[in-house]
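Biologist: I'm new to this one, so could you take me slowly through a single part of it? I'd like a close look at the salt bridges: which residues pair up, and where do they sit?

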Amino acid sequence: MDLDNMDALDKATRPSRREMYRFGWALLFVIAVAAFTYLSQGHVSLVMVMAAVIGAYMAMNIGANDVANNVGPAVGSKALTLGGAIAIAAIFEAAGAIIAGGDVVTTIKGGIIDPAAIGDPMTFVWLMMAALLAAAIWLNLATAFGAPVSTTHSIVGGVMGGGIAAAGWGIANWGTVGQIVASWVVSPLLGGMIAAGLLYLIKRSITYQGDLIAAAKRRVPWFLALMAWAFATYLVIKGVKKIVEVPFVGAVLIGLVIAAIVFFAVRPLVARAADRMEENSKASVNRLFTLPLIFAAALLSFAHGSNDVANAVGPLAAINDALTQAGTAAKAAIPLWIMAIGALGLAVGLALYGPKLIRTVGHEITDIDQMRAYCIAMAAALTVIVASQLGLPVSTTHVTIGAVFGVGFLREYLKSNYDRIEQQVRDLHPEGDDDEVMHEYLERFRSASIKQKEQMLQELKDKNARRQAHISKRQRKDLKKIYKRELVKRSLVLKVIAAWVITVPAAAILAAVFFYLMRAVMA
């Protein structure tokens with residue numbers, strides 16, 4: 001075989017070698033968990049070793065799929081490199097799980113079934129193991145197909161399916177199921193509307209102004225203070241609630257104090273950074289949002305680790321409690337070794353398999369710059385704050401992806417609308433046949449503020465009262481289609497929505513099958 005053929009073979013097999021490399025490290029982690037559990041907890045039961053292995057597998061899949069929502073927009077906007085995002089998320093996810101994950105967890109996530117209806121402790125153990133395995137496999141499949149899904153909905157579906165298999169349809173709390181179904185609509189809509197509203201506000205107050213640098217000096221400190229308030233409040237409500245319980249009003253006041261400090265601290269910094277800008281451009285203003293996005297990614301990861309690690313360690317703690325106490329309970333203590341498995345599993349899964357979903361969230365749905373990433377991160381925090389007060393069920397995954405969609409669809413609307421306005425300018429301009437004059441006028445129009453654009457357009461209309469600007473319906477439709485193809489990928493929208501809808505039933509069916517198999521083999 002000559003060198004050219006060897007080089008071609010090497011390039012062709014490189015992806016499969018990388019996949020085997022990742023699989024090898026993941027397998028090594030699972031084996032280490034099994035060995036540790038056997039040496040430290042083998043006296044309980046070999047079932048505990050099996051459960052720990054499944055819990056580790058679940059934690060890795062949470063890291064691979066769910067964590068992308070926290071860092072994907074920052075990576076897509078180039079505020080963070082992929083490697084930097086993985087490092088920050090891994091550290092803060094693990095820190096959130098260990099520091100603020102709590103020492104007690106609800107054994108049945110979301111109250112989807114009543115544990116008291118399961119009389120036999122071993123039946124409860126098989127149920128929880130089946131739920132964990134089903135949720136983990138579903139997350140694994142979703143990650144392989146590049147679909148970000150809710151890990152909470154995955155484990156809820158698993159628990160529901162296992163519970164129905166163990167004790168019949170009456171064990172399920174169908175009111176909770178209805179809330180989950182509602183969240184499929186509520187979460188992305190809230191996230192999308194908040195993100196789109198913030199982006200439009202930024203455009204009106206900064207990027208649609210003639211002097212972007214002066215506008216940035218005035219407005220950016222307020223946007224950063226708003227971000228500080230939202231994230232401080234979000235962190236108190238969601239991130240440290242298991243350490244200290246703070247009422248909503250107290251969380252808001254803490255957020256306001258931090259926001260005031262941030263405002264007065266960053267205002268001179270923003271002014272100096274703006275004075276150093278060489279170009280009066282959107283790209284220059286975008287750079288002012290880079291550092292806040294890094295903090296946002298870290299804080300979102302910390303809050304996610306403190307909350308969603310329970311999707312892996314909750315069922316595992318319930319199994320440990322059932323095996324050691326010979327009973328079932330609505331709440332169970334989380335030993336440190338179980339929390340460590342969850343925290344390390346999140347970090348390992350993110351490092352090995354997270355990049356695929358990070359790219360999907362950050363690049364593939366729509367183009368994201370720093371201002372858009374700011375709006376997406378803010379939407380995640382604000383939606384959780386609003387939903388917590390209104391008692392609305394939300395999924396942070398659905399919120400973040402909905403925010404990405406909202407930003408993309410707003411861009412589509414604004415682009416197509418601006419294109420129609422520009423076409424109107426061409427039609428109304430008296431020198432429409434003079435390419436040089438038209439080009440010069442359009443350049444002035446594009447660099448004008450929004451008020452100046454309105455004045456220029458009105459002047460053209462007044463000068464050409466007898467002429468009728470005309471762009472056909474077909475042209476408008478064609479232009480709109482072009483912008484939709486360029487700014488939001490419809491195939492990904494449909495794939496993600498389909499994955500959301502089938503997450504709960506898919507996990508439930510898998511869990512029911514695994515429960516019957518486990519009970520048949522292990523009984």
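Modeller: Here is a walk through the salt bridges, pair by pair.

First, some ground rules: this is a predicted model, where local features need pLDDT of at least 70 and side-chain atom pairs count only at pLDDT 80 or more, while totals for chains, interfaces and linings use all residues. Residues are numbered from 1 along each chain as its sequence is written, and side-chain values use heavy atoms, with hydrogens and water left out.

The structure holds four salt bridges, a salt bridge being a side-chain nitrogen of Lys or Arg within 4 Å of a carboxyl oxygen of Asp or Glu. One of them joins Lys217 to Asp275, with the closest N and O atoms 2.4 Å apart. That pair ties together distant parts of the chain, 58 residues apart: Lys217 belongs to helix H8 (residues 212-239) and Asp275 to helix H9 (residues 248-275). Helices here are DSSP runs of H or I with at least four residues, numbered from the N terminus.

How open are these two to the outside? We call a residue buried under 20% relative accessible area, exposed over 50% and partly exposed in between, using a 1.4 Å probe and protein chains only. Asp275 comes out as exposed because its relative accessible area is 52%, whereas Lys217, at 32%, is partly exposed.

Now go further along, to Lys282. Its salt bridge partner is Asp369, and the closest N and O atoms lie 3.4 Å apart. Again, distant parts of the chain are linked, this time 87 residues apart: Lys282 sits in helix H10 (residues 282-286), and Asp369 in the loop between helix H13 (336-364) and helix H14 (370-390). Lys282 has a relative accessible area of 27%, so it counts as partly exposed. Asp369, on the other hand, is buried, at 11%.

Asp369 has another partner too. Arg372 forms a salt bridge with Asp369, and here the closest N and O atoms are 3.5 Å apart. Like its partner, Arg372 is buried, since its relative accessibility is 10%. Put those pairs together and you get one network of Lys282, Asp369 and Arg372, joined by salt bridges that share partners.

When you go back to the 3D view, try finding Asp369 in its loop between H13 and H14, then look from there to Lys282 and to Arg372. After that, look for Lys217 in H8 and Asp275 in H9.

Key: Helices (H or I, at least four residues) and strands (E, at least two) are DSSP runs, numbered from the N terminus.
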